[in-house]
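Please open the model in your viewer and keep the selection panel at hand. The tour below goes from cysteines to a chain interface, one selection at a time.

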Amino acid sequence: MGWSIAARLGGTLLLAATALAAPPSGALAQDGPVMKRIAETKTLNIGHRDASPPLSYVGQDGKAQGYSIDICLKIAEAAKEELKLDKLEVKFIPLTPQTRIPLLTAGTVDIICESSTHTLGRSRQVSFLNTTFLTGSKLLVRKNSGIKRIEDLTGKVLVAALGGTNERAAQVEIDKKGIKIKGGEIVKVKDNAQAMLNMEQGRADAFTSDDVVLFGLASLAKNPAEWEVVGPYFSYDPYGMIIPRNNDDWRLLGNKTITMLVRSGELHAIYKKWFEPGPSNINYPMSERLRENLELIALPD
Amino acid sequence: MGSYRWNWPILLADPYYGWIVSGFGNTCLIAVLAWSIAFPLGSAIGIARTTELRPLRLVGTIYVEVFRNIPLLAQMFLWYFVVPELLPQDWGHWVKRDMPYPQFLTSVLCLGLYTASRVAEQVRSGLEAIPRGQHHAGLAMGLTPAQVYRYVRLPVAYRIIIPSLTSDFLGVFKNSSLALTIGVLELTSQARQIEEYTFAAFEAFATATLLYCAVTGIVILAMRQVERRTRIPGTIAIGAQ
Amino acid sequence: MGGGFDFAVLIRNAPFLWGGMVLTLQLTALAVTGGLALGLVLAVLRLSRIPFAPALVAGYVNFLRSMPLILAIFWFYTLIPKLTGQSVSSFYSVLIAFILFEAAYYSEIIRAGISSVRRGQIAAALALGLSNAQAMRYVVLPQAIRNMIPVLLTQSIVMLQDTSLVYVVGLRDFLTTADIVAGRDSRPVELYMFVALTFLVVCFSASRLVNRLRRRYAL
């Protein structure tokens with residue numbers, strides 16, 4: 001019995017590998033399966049994160065919520081209207097960095113609403129909707145640390161969450177400017193919460209992440225007044241919702257919804273609800289850059 | 001899976017290949033170092049639990065109950081974040097600021113102490129599986145209790161528990177993946193990092209799986225030879241002959 | 001560390017944490033039961049003289065023992081829908097992964113226990129006219145099981161703790177819920193201490209109970 005499962009598993013892996021390695025035939029003419037699937041099942045599966053407040057997280061009531069989630073719910077409404085469905089059930093599926101791509105490409109989730117930076121490397125594998133949030137890498141430090149910019153990190157410990165774009169950007173900056181940080185490399189920890197704990201305990205002197213994340217963590221810290229976010233941006237991180245590649249109709253519907261939200265001012269209202277000051281008191285007013293970006297993506301009809 | 005784009009060559013591309021190699025090296029190093037704590041310590045505690053001395057037994061029991069009953073993930077965290085806070089201030093400061101390779105050493109220590117509790121249980125159950133008569137026979141022949149352990153009970157006990165000790169060694173190897181929670185860049189965290197950079201999830205995790213399987217496969221094959229050679233004559237045969 | 005402990009955070013999040021605990025206990029109970037049953041069958045097959053059975057079982061056991069559980073869960077979750085052609089809920093996919101995975105470990109422990117029983121006992125049982133199955137059932141297993149109970153218990157405790165790995169498929173067990181709260185409310189020390197103590201109490205009581213039973217039914 002064991003072998004038959006193992007053999008089938010192996011066989012499936014091989015089959016899958018060969019089938020998927022083959023070039024997509026006739027992919028040009030047809031649109032992807034997401035819209036069709038939504039119409040048939042009358043269900044939209046939204047992928048979310050457990051702990052990326054205030055963009056995508058699980059509240060104390062155990063429900064998915066946040067800025068990205070609210071935007072995705074608007075896209076769900078638009079899908080219901082576009083497909084003329086009498087009802088559309090929205091299901092929330094919690095994702096982890098390990099499962100999000102397998103589940104998106106397997107069709108278990110139709111759209112991922114979290115806090116992911118749109119990058120070229122990732123675009124090889126998935127599609128991003130238009131940028132709905134803009135942030136960038138900065139440093140979180142203790143107010144009395146004397147650190148004002150990345151150049152001040154000589155001999156200091158810098159911590160970052162594993163695999164984020166921030167750690168990469170910080171490394172580039174450190175190499176470029178020849179800054180000698182303590183230990184020779186950035187300490188990479190499991191997630192932002194762990195990085196913050198390293199800071200609280202004095203193991204690290206600076207923590208780099210998207211500034212919105214840093215503001216959020218500082219606002220939740222035991223003593224928010226102890227912390228400040230410093231430095232000029234050393235990377236820009238545009239966030240967008242993620243959908244499977246080759247689903248032009250679905251992508252168009254998503255982008256159109258975002259455009260309509262910008263034009264009607266609803267998007268700004270959603271922003272205000274989550275960020276000014278927001279449930280976690282993050283108090284992160286919309287930047288000029290994001291305001292301009294939103295105007296730019298609100299394409300004419 | 002229809003829209004997944006395979007991209008195996010990315011694993012050989014510049015930074016990613018080096019990440020896998022260094023992650024794999026760290027995983028092996030953590031496992032070997034942790035085992036070199038776990039095996040002697042676990043053996044000592046396992047033996048302590050079978051002696052006639054009550055205080056020794058008590059210490060052994062407390063050790064095993066505490067270390068095996070708290071999830072490794074939580075222990076990792078307690079060692080890294082909570083213990084330095086409980087030390088005298090100078091020591092705590094040294095651990096937090098001046099100790100070299102803090103994440104690596106903490107994870108080795110944590111994994112070693114955790115696994116010792118499991119090794120101790122194996123050793124104890126091996127010792128208890130031996131009929132008491134052998135112990136008494138050894139004493140009757142004029143051996144000291146220490147000699148009875150050294151020449152009679154332990155050689156038999158270790159041979160009985162080889163399969164479960166193998167499991168525990170593999171456990172250390174695989175559990176080393178939890179070191180990523182405190183910031184050690186071992187195999188699983190490097191796979192995760194590659195996934196974050198490229199979204200090539202299947203390739204990254206398949207490579208990690210294959211590397212784990214390769215090492216454990218080699219260990220299992222080697223231990224099976226050991227098991228066969230050290231089989232105790234007269235006990236029920238092990239596996240296919 | 002400054003700021004002191006904030007135990008109210010535990011009370012505020014009690015229902016959420018309890019939900020995680022329920023999942024952990026359910027998963028453990030089902031996986032230990034299924035894993036023990038399958039593990040016993042595998043161990044007996046491995047020690048049997050049925051053609052090919054020992055080699056097949058050895059292959060199965062070694063295959064699963066080679067893989068970190070976290071990766072096994074990930075692969076089962078992403079591949080089961082491909083194998084069966086229908087989507088399986090995360091809970092069941094994880095449960096199947098745990099049963100198949102734990103069975104490999106249990107079978108090794110049971111095999112070691114059976115192997116430690118002296119061969120003469122089987123010969124004696126057969127000479128008394130018992131069948132192979134009866135010799136196994138009435139002579140070998142009762143002795144073997146008593147020898148291996150401590151290790152089986154340890155493995156089950158490990159299994160209980162391993163449920164925390166279900167976070168890779170987005171399920172929320174006890175440790176994962178605590179981790180979520182720790183991150184969201186920035187109270188990791190309280191939450192992790194709470195998790196450690198809870199596990200210590202639960203697992204310790206379980207091991208006391210098993211020891212009592214063992215002593216009561218000792219020969």
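A disulfide is taken here as a pair of cysteine sulfur atoms within 2.5 Å, and the coordinates to which this rule is applied are those of a predicted model. Searching the whole structure in this way gives one disulfide over all chains.

**The disulfide in chain A**

Select A:Cys72 and A:Cys113, whose sulfur atoms are 1.8 Å apart and form that disulfide. If you display the torsion about their S-S bond, you should find a value of about -95 degrees, so the disulfide is left-handed. Now colour the surrounding elements: A:Cys72 lies in helix H3 (residues 67-82) of chain A, whereas A:Cys113 is in the loop between strand E6 (111-112) and helix H5 (120-123) of chain A, so the pair ties together parts that are 41 residues apart in sequence. With a surface switched on, note that A:Cys72 and A:Cys113 are both buried.

**Two cysteines of chain B**

Move next to B:Cys28, and ask which cysteine sulfur is closest to the sulfur of B:Cys28. That sulfur belongs to B:Cys213 and is 14 Å away, which is too far for a bond. B:Cys28 is partly exposed, its relative accessible area being 25%.

Then select B:Cys110, which is in no disulfide, since the nearest cysteine sulfur, that of C:Cys203, is 16 Å away. B:Cys110 is buried, with a relative accessible area of 0%.

**The interface of chain C and chain B**

Now show chain C together with chain B, and select the residues in contact: 53 residues of chain C meet 51 residues of chain B. The area buried between chain C and chain B is about 4600 Å², and carbon and sulfur atoms give 63% of this area.

For the polar side of the interface, begin with the salt bridges, of which there are two across chain C and chain B. One of them can be found by selecting C:Arg111 and B:Glu227, whose closest N and O atoms are 3.3 Å apart. Between chain C and chain B, nine residue pairs are in polar contact, counting pairs with both residues at pLDDT 80 or more.

Finally, hide chain B and look at the side of chain C that touches it, where the elements giving two or more residues include helix H2 (14-47), helix H5 (90-115), helix H7 (132-162) and helix H9 (188-216) of chain C. Which of the elements gives the most to this side? It is H9(C), with 13 residues. Coloured by class, the side of chain C that touches chain B has 32 nonpolar, 11 polar and 10 charged residues.

Terms used:
Residues numbered from 1 in each chain as written. Chains lettered and ligands numbered in written order. Predicted model: local features only at pLDDT ≥ 70, side-chain atom pairs only at ≥ 80, totals over all residues. Heavy atoms only, no water. Helix = DSSP H or I, 4+ residues; strand = E, 2+ residues; numbered from the N terminus. Buried < 20%, exposed > 50% of the residue type's maximum accessible area, 1.4 Å probe, protein only. Contact = heavy atoms within 4.5 Å. Buried area = accessible area lost by both parts, 1.4 Å probe. Salt bridge = Lys/Arg side-chain N within 4 Å of Asp/Glu carboxyl O. Polar contact = N/O pair within 3.5 Å; in protein donor to acceptor, adjacent residues only side chain to side chain. Nonpolar A, V, L, I, M, F, W, Y, C, P; charged D, E, K, R; others polar.
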